[in-house]
Every structure is written in C-alpha cells, then in structure tokens.
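Let's walk through this model together, one region at a time. Keep your viewer open and follow along.

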Amino acid sequence: MPAGRYDGFVSLKDETLANLPPPFANLDTLTQMFANKTLSQTDMVVLSGAHSIGRSHCSSFSNRLQPSANDNSNTSMDAMFAGKLTQDCTAGSDPMVPQDYKTVDVLDSQYYRNVIDRKVLFTSDAALMTSLQTKSLVQEYTKWLIGDLKWYKHFGDAMVKMGNIEVKDSTKGEIRKMCGLVN
C-alpha cells in the first residue's frame with residue numbers, strides 16, 4: 001500500500017458493517033457493493049481469496065448448516081462439510097472456526113478449491129460460482145500456486161484500489177505515530 005494515508009480521528013466498529021458485504025449476500029448484492037466502492041467483479045473474486053486465512057463465528061453461517069435434502073446447487077454447502085461444522089459449532093455459545101479448513105492460516109489457492117467443492121462458510125463465497133464470469137475466475141485462481149505472480153499481482157492491484165477508497169485528508173484524519181492510538 002502507498003504510505004502516508006490518514007487515519008480517522010475516530011473509528012467505530014459499528015460503522016464498518018454497512019460497508020462490508022454480509023456473509024449471506026448473493027452475487028448481485030456483492031457486485032453492487034463492490035461497484036459502489038469502484039471495485040470490479042474481478043477485484044471482488046481476487047479479494048475474496050483473503051478468506052483463505054481468518055476465522056468466522058458460527059453464527060455468520062449457521063443458516064447454511066442444514067441444507068435441503070439432495071441440494072447440490074452452486075450455493076449449497078457440501079453435506080459432509082456441513083455435518084463437520086455442525087459438530088464444531090455446538091462446542092460453545094458462538095465458537096469460531098477457520099474459514100479455510102484445509103490450509104488454515106496459509107494464504108494459498110485452497111480457498112478457490114473450497115469454493116468449487118462447496119466447502120466454504122459463507123453464501124457470499126458460494127455465490128462466486130453463480131455466474132460464468134466469476135466462476136471462470138475462481139477456476140483460474142484455483143491454479144495459482146505460491147510463487148505464481150499473476151494472482152499476487154491481481155490481489156496487490158485490488159488492495160491498492162481498495163486502499164484508495166474514501167481517502168481522508170488532514171481535515172478528517174491524521175497520520176498516526178502509533179497505529180492503534182490517536183495522536
């Protein structure tokens with residue numbers, strides 16, 4: 001990311017939800033939310049690859065754990081995977097599980113394989129298989145390996161575009177001396 005961005009004087013976590021795609025979003029909603037921030041569907045698919053790392057509370061996808069019988073649609077969850085998650089999600093009030101169950105905490109192409117195999121937590125991830133354009137990108141990024149510069153270039157470009165959304169100036173923010181603290 002280019003250096004020297006201004007951080008806001010106040011950061012409120014409640015203000016983030018309106019700007020983040022919900023985990024239950026369909027492709028039209030995702031596409032519109034990204035377009036509203038000047039990001040393309042290609043940006044959306046490549047940035048979704050960040051779901052290769054991280055965790056989610058079970059409450060964010062619990063609606064997907066009971067798929068209809070014989071539902072093998074693009075957005076349904078694999079039944080065996082749903083069964084495993086059902087077991088993992090009963091361990092507490094709202095436990096967290098890895099977003100990529102196979103290569104936890106590794107930024108790699110496994111996320112895209114999981115999308116194809118219907119082994120993703122969110123409807124918004126599964127929705128990437130519902131159009132020819134996004135499905136094609138998912139399949140293309142499945143071939144990405146560590147050291148393959150194409151995905152990294154696309155990801156880096158999309159991150160820079162995202163970093164340039166609603167950039168603050170000195171009247172609305174500051175360059176912090178310590179990231180977690182207002183000067």
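What follows is a tour from the helices and the core out to a few loop residues.

A word on conventions before we set off. This is a predicted model, in which local features need pLDDT of at least 70 and side-chain atom pairs count only at pLDDT 80 or more, while totals for chains, interfaces and linings use all residues. Residues are numbered from 1 along each chain as its sequence is written, and side-chain values use heavy atoms, with hydrogens and water left out. Helices (H or I, at least four residues) and strands (E, at least two) are DSSP runs, numbered from the N terminus.

A good place to start is α2 (41-48). Seven of its eight residues are buried, so α2 is largely enclosed by the rest of the structure; here buried means under 20% relative accessible area, exposed means over 50%, and partly exposed lies in between (1.4 Å probe, protein chains only). The buried residues are Gln41, Asp43, Met44, Val45, Val46, Leu47 and Ser48. Their cover includes α1, α4, α6 and α7. At the N-terminal end of α2, Ser40 acts as a cap, with a side-chain oxygen 3.3 Å from the backbone nitrogen of Thr42.

Now look at how α1 (27-36) meets this helix. Two packed helices are described by the angle between their axes and the distance between the axes. For α1 and α2 the angle is about 105° and the axes are 9 Å apart; axes are lines fitted to C-alpha atoms, for helices over the stretch in contact, and angles run from 0 to 180 degrees between N-to-C directions. The two helices are therefore roughly perpendicular, a label for angles of 65 to 115 degrees, with under 35 counted as roughly parallel, over 145 as roughly antiparallel and the rest as oblique. In the interface, Leu27, Leu30, Thr31 and Phe34 of α1 meet Gln41, Met44 and Leu47 of α2, where contact means heavy atoms within 4.5 Å.

Which residues touch the most other members of the largest nonpolar core? Among its 25 residues, they are Tyr112 and Leu128. Such a core is a set of buried Ala, Val, Leu, Ile, Met, Phe, Trp, Tyr and Cys residues joined through side-chain atoms within 4.5 Å. The elements giving two or more residues to this core are α1, α2, α4, α6 and α7, and α2 supplies the largest share, four residues. Another core lies apart from it, with 11 residues, including Leu65, Met77, Ala82 and Val97.

Next comes Ser109, in the loop between β3 (96-98) and α4 (110-116). Ser109 is buried, at 3% relative accessible area. Its side chain makes a polar contact of 3.1 Å with that of Arg113; the term covers a pair of N or O atoms within 3.5 Å, where within protein one must be able to donate a hydrogen and the other to accept it, and residues adjacent in sequence count only if both atoms are side-chain atoms.

Pro21 is where UniProt, in an unreviewed entry, places a "binding site"; UniProt positions are given in the numbering used here, feature names are shortened, and annotations may be inferred rather than shown by experiment. Pro21 is partly exposed, at 31%.

Finally, check two backbone torsions. Asp105, in the loop between β3 and α4, has a positive phi near 65° although it is not glycine. Glu166, between α7 and β4 (173-174), likewise has a positive phi, of about 50°.
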